[in-house]
Amino acid sequence: MSIKVSSVSKTYKTQKALNEISFYANKGQVIGFLGPNGAGKSTMMKILTGFIKPNAGDVFVDEINVLQKPIEAQKIIGYLPEHNPLYKDMFVREYLQFRAAIFKIDKSKIESCIEKVGLTAEAHKKINQLSKGYQQRVGLAAAILHNPSVLILDEPTTGLDPNQLVEIRELIKELGKDKTVLFSTHIMQEVEAVCDRVIIIKKGELLVDKKLSELKENNQQTIIVTFDYKIEEQFVNRLPNIVSYKNNYDNTWYITFESEEDMRPVIFDFAQENGLKILTLNTENKNLETLFREVTSA
Ligand code: ADP
Ligand code: MG
């Protein structure tokens, strides 16, 4: 149940899409594969699933060399491509039976997959009668029919409404319990809700590969404080662990510290020592959304 990508590069004619990408994914991990449009996410996924070949590099799924044995690799990979290609005139069960026949899977597996993705109440319908969220579930059911140990999902939540989003995220999380899941998105909150790990690429370059907990680990805190009187900059500058500060409004300061310690009590003492009263005091933590923007806009 592992994925190993080493030094993969891909160029379409003159368009460089991936530049020496390497990463490793272990059993039972859900990995968010992030990056702005055109970053190379879909290209990486097509290479991982054996549908296109890179110009250089190696790809292994569970010790199977995907580039040398794509068919064998596809037996243990479930893939939901971008834009979820479905035969929409087919009934849900009819489509899943068709897929089961391709993969030479016993039809008896279909009902448990329908149940697993929460399609039971809609399974008697034609695919084009289903909402986008339910069509996405059909795509997921088709992807897990052959009980793959690795799931590759290309933007499975794009175009869903907020309720559908939450449901599909829950489903991905559930599937991740006994599979290695790599799914692409450009929504950072999604990653926060579902993933154990985050890989961020931009213009074919790998920028971040971290555990979610490591990414959240950030010792910077910004404190927004309003004093009752005007205070000179040189006083504020005397505070310990300061990274930066600004003073947009008269007596309100935005002060960023690099510290493991909560700096609010320090500011409280500082105010008292300088004969000031604190009118408001708030902490603002960097969220992953800001972090993603910082990383990808540079
Ligand atoms: P993402 O999925 O992150 O949006 P893609 O992998 O689709 O990124 O695309 C990466 C880059 O490769 C983009 O610049 C895109 O225009 C280019 N690209 C993708 N597919 C092709 C193709 N078949 N031919 C030429 N260029 C392509
Ligand atoms: Mg894409």
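How many nonpolar, polar and charged residues does the shell around ligand 1 have? By class, this shell has 4 nonpolar, 6 polar and 1 charged residues, where Ala, Val, Leu, Ile, Met, Phe, Trp, Tyr, Cys and Pro count as nonpolar, Asp, Glu, Lys and Arg as charged, and the others, Gly among them, as polar. The model is predicted, with local features needing pLDDT of at least 70 and side-chain atom pairs counting only at pLDDT 80 or more, while totals for chains, interfaces and linings use all residues. Residues are numbered from 1 along each chain as its sequence is written, chains are lettered from A and ligands numbered from 1 in the order in which they are written, and side-chain values use heavy atoms, with hydrogens and water left out.

The residues surrounding ligand 1 are Tyr12, Gln15, Ala17, Pro36, Asn37, Gly38, Ala39, Gly40, Lys41, Ser42 and Thr43, a residue being near a molecule if one of its heavy atoms lies within 4 Å of it. Polar contacts (pairs of N or O atoms within 3.5 Å) join oxygen atoms of the ligand to a polar backbone atom of Gly38 at 2.7 Å, to a backbone N or O atom of Ala39 at 3.1 Å, and to a polar side-chain atom of Ser42 at 2.9 Å. Of the 560 Å² of accessible area that ligand 1 has on its own, the protein covers 63%, as given by the Shrake-Rupley method with a 1.4 Å probe. Strand S2 (15-25) and helix H1 (41-48) are the elements that give two or more residues to this shell, and H1 provides the largest share, 3 residues; helices (H or I, at least four residues) and strands (E, at least two) are DSSP runs, numbered from the N terminus.

Ligand 1 sits in the second largest pocket, in the sense that more than half of its atoms lie within 2 Å of the grid points of that pocket. A pocket is an open set of points on a 1 Å grid over the protein atoms alone, where a 1.4 Å probe fits, with protein on both sides within 12 Å along at least five of seven lines, and its lining residues have an atom within 4 Å of a point. The second largest pocket holds about 240 Å³ of space, a volume being the space filled by probe spheres set on the points. Its lining comprises 16 residues, of which Gly38, Ala39, Gly40, Lys41 and Thr43 lie nearest the centre, and H1 contributes the largest share, 4 residues.

The largest pocket has a volume of about 560 Å³.

How values were computed: A polar contact is a pair of N or O atoms within 3.5 Å; within protein, one must be able to donate a hydrogen and the other to accept it, and residues adjacent in sequence count only if both atoms are side-chain atoms.
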